[in-house]
Amino acid sequence: MIKTFRLPQNWKLVVNTKEVNREDPGAGTPALVHSPKSRSIATFWCVMGTAECEYEQVPNAVMTALEKLWGEVDELLAQ
């Protein structure tokens with residue numbers, strides 16, 4: 001299943017449960033954050049840890065929205 005979350009300022013989060021690899025949790029990219037027009041793409045966890053998407057600073061409004069989605073992302077990926 002692929003679920004896209006629209007975030008402030010034209011950012012988005014795409015969760016793809018098909019990318020989950022239970023045997024190797026570090027493999028795959030099941031949750032990706034995209035900047036506007038996908039100029040930059042980074043994993044959800046990288047963005048949450050650094051507030052950066054590749055070399056772009058993630059706006060505070062986007063970080064707040066991502067923080068609110070953290071539990072839902074975890075639930076989706078645990079299915």
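## Helix H2 and its cover

The buried residues of helix H2 are covered by elements that include strand S1 (2–6), strand S2 (12–16), strand S3 (31–34) and helix H1 (44–50); helices (H or I, at least four residues) and strands (E, at least two) are DSSP runs, numbered from the N terminus, and contact means heavy atoms within 4.5 Å. This is a predicted model, in which local features need pLDDT of at least 70 and side-chain atom pairs count only at pLDDT 80 or more, while totals for chains, interfaces and linings use all residues. Residues are numbered from 1 along each chain as its sequence is written, and side-chain values use heavy atoms, with hydrogens and water left out.

Which residues of H2 are buried? They are Val62, Met63, Ala65, Leu66, Leu69, Val73, Leu76 and Leu77, where buried means under 20% relative accessible area, exposed over 50%, and partly exposed in between (1.4 Å probe, protein chains only). H2 itself runs over residues 60–78, 19 residues in all, and spans 27 Å from its first C-alpha to its last, close to the 27 Å expected at 1.5 Å a residue; that expected span is 1.5 Å times one less than the number of residues. Take a look at Leu69 too: H2 has a kink of about 45 degrees centred there, the bend at a residue being the angle between axes fitted to the seven residues ending there and the seven starting there.

## Met48, facing H2 from H1

Met48 sits in helix H1 and counts as buried because its relative accessibility is 14%. Leaving out residues up to four places away in sequence, Met48 touches Met63, Leu66, Glu67 and Trp70. Of these partners, Met63 and Leu66 are among the buried residues of H2. If you measure across to Val33, 15 residues away along the chain, the C-alpha atoms of Val33 and Met48 are separated by 9.9 Å.

## An aromatic cluster

The structure holds 2 aromatic pairs; rings of Phe, Tyr and Trp (its six-membered ring) pair if their centres lie within 6.5 Å, and planes under 30 degrees apart count as stacked, over 60 as edge-to-face and the rest as tilted. Phe44 and Trp45 are edge-to-face because their planes stand at 90 degrees, with ring centres 5.7 Å apart. Phe44 also pairs edge-to-face with Trp70, at 5.5 Å centre to centre and 80 degrees between the planes. This second pair links distant parts of the chain, with Phe44 in helix H1 and Trp70 in helix H2, 26 residues apart.

Together, ring pairs join Phe44, Trp45 and Trp70 into a cluster. Within the cluster, Phe44 is buried at a relative accessible area of 0%, whereas Trp45 is partly exposed at 36% and Trp70 is partly exposed at 36%.

## Two free cysteines and Ser40

A search of the whole structure finds 0 disulfides, a disulfide being a pair of cysteine sulfur atoms within 2.5 Å. Why is Cys53 without a bond to Cys46? The sulfur of Cys46 is the closest cysteine sulfur to that of Cys53, yet at 8.0 Å it is too far for a bond. Cys53 is buried at 0% relative accessibility, while Cys46 is partly exposed at 37%.

Cys53 also meets Ser40, whose side chain reaches the backbone oxygen of Cys53 at 3.5 Å. Ser40 lies in the loop between S3 and strand S4 (41–43) and counts as buried, with 7% relative accessibility. Setting aside residues up to four places away in sequence, Ser40 touches Val33, His34, Ser35, Cys53, Glu54 and Glu56.

Terms used: A polar contact is a pair of N or O atoms within 3.5 Å; within protein, one must be able to donate a hydrogen and the other to accept it, and residues adjacent in sequence count only if both atoms are side-chain atoms.
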